[in-house]
Amino acid sequence: MFVMRSTVCLLVYLLVAVWTPQAKAGARTPFFDLTQYNDWPQFEDYVKGVAHDNPSFVQLKTIGRSREGRPLLGVRIGKPAPAGRRKIAVWLDGGNHAREWPAFHVAVYFIEKLVNGYLGDDKITKYVNTLDIYVFPVLNPDGFVYSRTSTRATIRQWRKNRAPENCTGTGPFSSDLCCEGVDLNRNYDIGFSHNNYPFNNPCSDEFQGPRPFSEPESRAVRDFVMSSEIYGRLYALVSMHTHGQLWILPYNYHKRTYPQDFKDLETLANRAADRVFAYRETKYRVGTAADMLGTATGGATDWIKKNTPTKYVYVLELPPDMKTWFAFQVKPHWLIPIGKETWLGIEVIFDQVIEETKNFQPTSEPSSNGTADSRSPRFRQL
């Protein structure tokens with residue numbers, strides 16, 4: 001009797017396994033609890049694990065190391081391209097500000113959605129088969145680790161990386177103050193100036209660093225987007241931050257300064273924001289941060305838009321909106337709802353990328369002559 005019951009249980013288990021979408025897809029992801037905030041080791045194990053468990057369409061990417069030697073990890077999700085062809089690529093990241101924990105977790109939600117939906121969801125299967133989707137959940141692991149070490153506001157709300165102290169800082173009543181860290185999203189070589197306060201102050205949350213690309217984290221992103229692996233085929237990039245419910249377009253280093261194809265970026269951003277709003281009425285403002293809030297020099301997305309052929313480049317400031325103070329870490333029960341609604345906007349971008357590039361073949365040669373705005377066409381038409 002025991003043997004018969006065991007046999008029946010085994011058969012039931014196998015039938016369930018066969019007919020669940022995830023098993024049908026042959027895809028699986030390691031456990032990652034999106035109902036709570038996780039620490040860096042959980043992110044590292046997850047990213048490595050999802051690549052290990054799904055080698056047919058997920059590849060681990062390490063684009064560099066942080067100040068303290070932690071890997072800058074991500075995944076490339078996409079079926080291999082046919083011989084002699086290069087696939088269009090898109091990029092999603094969780095931003096580079098230490099205290100913005102929700103953005104890191106939403107990036108993991110996107111990986112979950114793509115991997116577990118492959119072959120079980122027609123739309124996601126199309127994305128994975130058509131595109132190479134790069135996802136980098138945490139581009140500032142040192143700062144993130146530090147922000148998790150204490151509930152003290154000065155540590156929990158840490159924004160920068162963990163660059164050694166710089167003793168040229170100023171305060172209300174003193175100078176030559178020593179402060180640590182560089183804001184990685186001010187460290188790119190666009191609008192960079194030693195005369196811009198507070199970006200030139202090491203004791204500011206937005207310290208740009210002593211020089212452009214002084215930090216290994218920003219150099220790693222720069223070198224990768226300019227590498228032969230991705231240059232010329234990266235068509236869209238979305239960097240997630242918190243908070244404010246802002247869909248930010250380039251350029252942000254100067255007010256009323258826009259790329260030539262700004263209207264295309266704005267139109268797509270409005271469509272994506274409308275799709276998010278239709279889900280549960282989360283309202284995003286669309287525009288440049290320079291026009292909506294004030295200038296911010298040295299931004300990663302500004303530099304990428306200016307110096308590569310990537311067309312659609314955005315920063316998303318995730319919920320809550322600007323009326324809420326100190327909301328860089330929303331209550332963790334909001335992580336999945338924010339992931340769900342944000343994914344709807346990402347789908348709009350993916351669909352547009354696929355539609356625009358269906359007759360295009362990516363190029364692979366970075367040009368040293370001029371900016372991306374002066375190079376045309378961005379991609380070679382077949």
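Q: How much of the chain of 382 residues is buried?
A: The buried part comes to 56% of the residues, where buried means under 20% relative accessible area, exposed over 50% and partly exposed in between (1.4 Å probe, protein chains only). This is a predicted model, in which local features need pLDDT of at least 70, side-chain atom pairs count only at pLDDT 80 or more, and totals for chains, interfaces and linings use all residues. Residues are numbered from 1 along each chain as its sequence is written, and side-chain values use heavy atoms, without hydrogens and water.

Q: How many helices and strands does the chain have, and what makes a stretch count as one?
A: There are 12 helices and 12 strands. Each is a DSSP run, numbered from the N terminus: H or I over at least four residues for a helix, E over at least two for a strand.

Q: Which residue does UniProt list for "active site"?
A: The record, an unreviewed entry, lists Glu317. UniProt positions are in the numbering used here, with feature names shortened, and an annotation may be inferred rather than shown by experiment. In the model, Glu317 lies in strand β10, residues 312-321.

Q: Why does Glu317 count as buried?
A: Its relative accessibility is 15%. Buried means under 20%, so Glu317 falls in that class.

Q: What is in contact with Glu317, leaving aside neighbours within four places in sequence?
A: The list is His241, Thr242, His243, Gly244, Gln245, Leu246, Ile248 and Tyr284. Contact means heavy atoms within 4.5 Å. At Thr242, the backbone nitrogen lies 3.4 Å from a polar atom of the Glu317 side chain. A polar contact is a pair of N or O atoms within 3.5 Å; within protein, one must be able to donate a hydrogen and the other to accept it, and residues adjacent in sequence count only if both atoms are side-chain atoms.

Q: Which way do the residues of strand β8 point?
A: In β8 (residues 246-249), Leu246 and Ile248 point one way, Trp247 and Leu249 the other, and all are buried. In a regular strand the side chains alternate between the two faces of the sheet.

Q: What makes β8 and β9 a pair, and how many bridges join them?
A: Two strands pair if DSSP finds at least two bridges between them. β8 and β9 (residues 285-288) have four, in the parallel sense, and one partnership is Ile248 with Gly287 in β9. Between these strands the chain passes through helix α9 (residues 262-280), in a right-handed β-α-β crossover. Right-handed means that, with the strands pointing away from the viewer, the path from the first strand over the helix to the second runs clockwise.

Q: In which sense do β8 and β10 pair?
A: They are antiparallel, over three bridges. Trp247 has Leu316 of β10 as its bridge partner.

Q: How are the strands of the open sheet ordered?
A: The eight strands run β1-β2-β4-β3-β7-β10-β8-β9, with mixed pairing.

Q: Why do β1 and β9 count as edge strands?
A: β1 (58-65) and β9 each have a single partner strand, so one side of each is left without a neighbour in the sheet. The twist averages 20° from one strand to the next. Axes are lines fitted to C-alpha atoms, for helices over the stretch in contact, and angles run from 0 to 180 degrees between N-to-C directions.

Q: What does helix α12 touch in the sheet?
A: Helix α12 (residues 335-356) packs on the sheet against β3, β4, β7, β8 and β10, and its direction makes about 165° with that of β10.

Q: What makes β4 a mostly covered strand?
A: Six of its six residues are buried. Leu131, Ile133 and Val135 are on one side, and Asp132, Tyr134 and Phe136 on the other. β2 runs antiparallel to β4, joined to it by three bridges, whereas β3 pairs with β4 in the parallel sense over six.

Q: How do you know that helix α11 is mostly covered?
A: Six of the eight residues in α11 (residues 300-307) are buried, namely Ala300, Thr301, Asp302, Trp303, Ile304 and Lys305. The elements covering them include α8, β7, α9 and β10.

Q: Why is Glu215 called buried?
A: Its relative accessible area is 1%, and the cut-off is under 20%, so Glu215 qualifies. Glu215 sits in the loop between β6 (175-179) and α8 (216-225).
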